[in-house]
Amino acid sequence: MAGVTMAAGCGVSQALSAGASHEGLRRIAPAFGTVVVPIPSRCKVSRRVKVEAIAEPIAKSTVRTIEECEADVVAGNAPAAPPVPAKPKAPEGTPRISPLVMPARPRRNRRSAALRAAFQETTVSPANFILPLFVHEGEQNAPIGAMPGCQRLGWRHGLIDEVYKARDVGVNNVVLFPKVPDALKSSTGDEAYNPDGLVPRCIRLLKDKFPDLVSQVIYTDVALDPYSSDGHDGIVREDGVIMNDETVHQLCKQAVAQAQAGADVVSPSDMMDGRVGAIRNALDLAGYHDVSIMAYTAKYASAFYGPFREALDSNPRFGDKKTYQMNPANYREALIETRLDEAEGADILMVKPAMPYLDVIRLLRDNTALPISAYQVSGEYSMIKAAAAAGMLDEKKAVLESLLSIRRAGADVILTYFAIPAAQWLCAERI
Ligand code: PBG
């Protein structure tokens, strides 16, 4: 029994390996004066909670038959039961009114934690999270000023530690973002498909340490910006135009290099036209039929990417990304991208950022049967962190509410820098 009483933040895997079956626990629990309360998320963790009293045992010799008990009641001698509790008093000065006549009182379904849990429509679980990780060539982790609590991880040590920490709380999906040395950046971003580049090395190391695909999914980012001396997602022509088809050619090589290293899901975040179909084709030709594509379908030209660009030192050297990323004013346009990415063979469709674009998440949810992901981007993370540090918000409550809202809007999975703390909070939560 000891193995199923979960301490705050303990691993989902440990609960399962303790062999805790809900049914089994429920059957034996009364003997211990406890009840088993499943946690209201999809976290597979049970918890024993003390109840106030259990029934007094009845001595075998005094047990009466059902017929005798019924005869007493029929004869008007009902056994004693506790009295109806007195009505709770309202404070002095409360107006005395006759109750409003209302056919429905929605508050009835919210009046206790158990009722609220029973009728909860949306849940969040660590299984829904994808953790973005920044990696660099250094041996030590380096803090990221604009994203307190996030670091550029040393690829050999810090990365492995962080992935280990994530797995321990049930976060088995990670996506890698590299900080590439300036000397390896070029206008055509060729380092992106170097088979010994930082990302392929990280993938190989992770697959070596955590070989089981069932419990570890590695996503990669497909775009040229970390490798581009211009800080753009594509090749920049002399006149500043981002060249579409030539960039797609590079992206295909990048995706194949990542697949070759062992990536499970490649995620084009560049917003070039036709890249999903071209990457699908390139992967298939190279024999990577099982590697999935998570398309950044509705990726908006957003101010909320600021801290990320500091993290990777990937700010555009000139101009902005408005000729390829979507206009934040546009809603219907997301449907055009959705139809194309579906037709081109995407496995998962993404909306990015998340919180300012909940309407777009819902739009995709209602218009595709494919899984939807949403990216709670760096700026969304930093806003909550800054407000919490200034004492203006309760960090835990704000984070969990933001993640729940993104799920409610229709996202299946959420890329979030809060994945580890959020998973810890969810695993520790009680009804
Ligand atoms: C670049 C890329 C960006 C993010 C993910 N991939 C930044 C950008 O488009 O400029 C942003 C993620 C974040 O802000 O957390 N291909």
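Asp313 lies in the loop that runs between α9 (306–312) and α10 (333–343). Keep in mind as you look around that this is a predicted model. Asp313 has a positive phi of about 50°, although it is not a glycine. Its relative accessibility is 30%, so Asp313 counts as partly exposed. From there, let's move on to another backbone oddity, a cis bond, the ligand and a few residue pairs.

**Backbone spots to look at**

- Met271 is another residue with a positive phi, about 70° here, and it isn't a glycine either.
- To find Met271, go to the loop between β10 (265–268) and α8 (275–285).
- Is Met271 buried or exposed? Met271 has a relative accessible area of 4%, so it is buried, because anything under 20% gets that label.
- Which peptide bond is cis? That would be the one from Lys352 to Pro353, where omega is near -10°.
- Pro353 sits in the loop between β12 (348–352) and α11 (358–367).

**Around the ligand**

- There are 18 residues around the ligand, and the ones that come nearest are Ser269, Lys299, Arg309, Lys352 and Tyr417.
- Lys352 may ring a bell: the cis peptide bond to Pro353 starts from Lys352.
- What's the mix of residue classes in the shell around the ligand? The shell has 8 nonpolar residues, 7 charged ones and 3 polar ones.
- The space that the ligand takes up is the largest cavity.

**Polar atoms facing the ligand**

- Ser269 has a side-chain N or O atom 2.7 Å from a nitrogen atom of the ligand.
- Asp233 also has a polar side-chain atom by a ligand nitrogen, with 3.1 Å between the two atoms.
- For Lys299, the partner on the ligand is an oxygen atom, and a polar side-chain atom of Lys299 lies 2.7 Å from that oxygen.
- How much of the ligand does the protein bury? Taken alone, the ligand exposes 410 Å², and the protein buries 100% of that.

**A buried side chain with a polar partner**

- Gln258 belongs to helix α7, which covers residues 244–261.
- With a relative accessible area of 2%, Gln258 is buried.
- The side chain of Gln258 has a polar contact with the side chain of Thr220, at 2.8 Å.

**Pairs to trace along the chain and through space**

- Ala387 is part of helix α12, made up of residues 378–389.
- Ala387 has a relative accessible area of 16%, so it is buried, since the cut-off for that word is under 20%.
- Try the pair Ala387 and Ala398: they are 11 residues apart in sequence, and their C-alpha atoms are 9.8 Å apart in space.
- Where is Ser187? Look in the loop between β6 (173–178) and α6 (198–209).
- Ser187 is partly exposed, because its relative accessible area is 41%.
- How far apart are Ser187 and Gly234 in sequence and in space? The two are 47 residues apart along the sequence, and in space they are 8.8 Å apart, C-alpha to C-alpha.

Technical notes:
Residues numbered from 1 in each chain as written. Predicted model: local features only at pLDDT ≥ 70, side-chain atom pairs only at ≥ 80, totals over all residues. Heavy atoms only, no water. Near = heavy atom within 4 Å. Polar contact = N/O pair within 3.5 Å; in protein donor to acceptor, adjacent residues only side chain to side chain. Areas by Shrake-Rupley, 256 points an atom, 1.4 Å probe, with all protein chains shown as cover. 1 Å grid on protein atoms, 1.4 Å probe; cavity = no way out; pocket = protein on both sides within 12 Å on 5 of 7 lines; lining within 4 Å. Sits in = over half its atoms within 2 Å of the grid points. Nonpolar A, V, L, I, M, F, W, Y, C, P; charged D, E, K, R; others polar. Helix = DSSP H or I, 4+ residues; strand = E, 2+ residues; numbered from the N terminus. Buried < 20%, exposed > 50% of the residue type's maximum accessible area, 1.4 Å probe, protein only.
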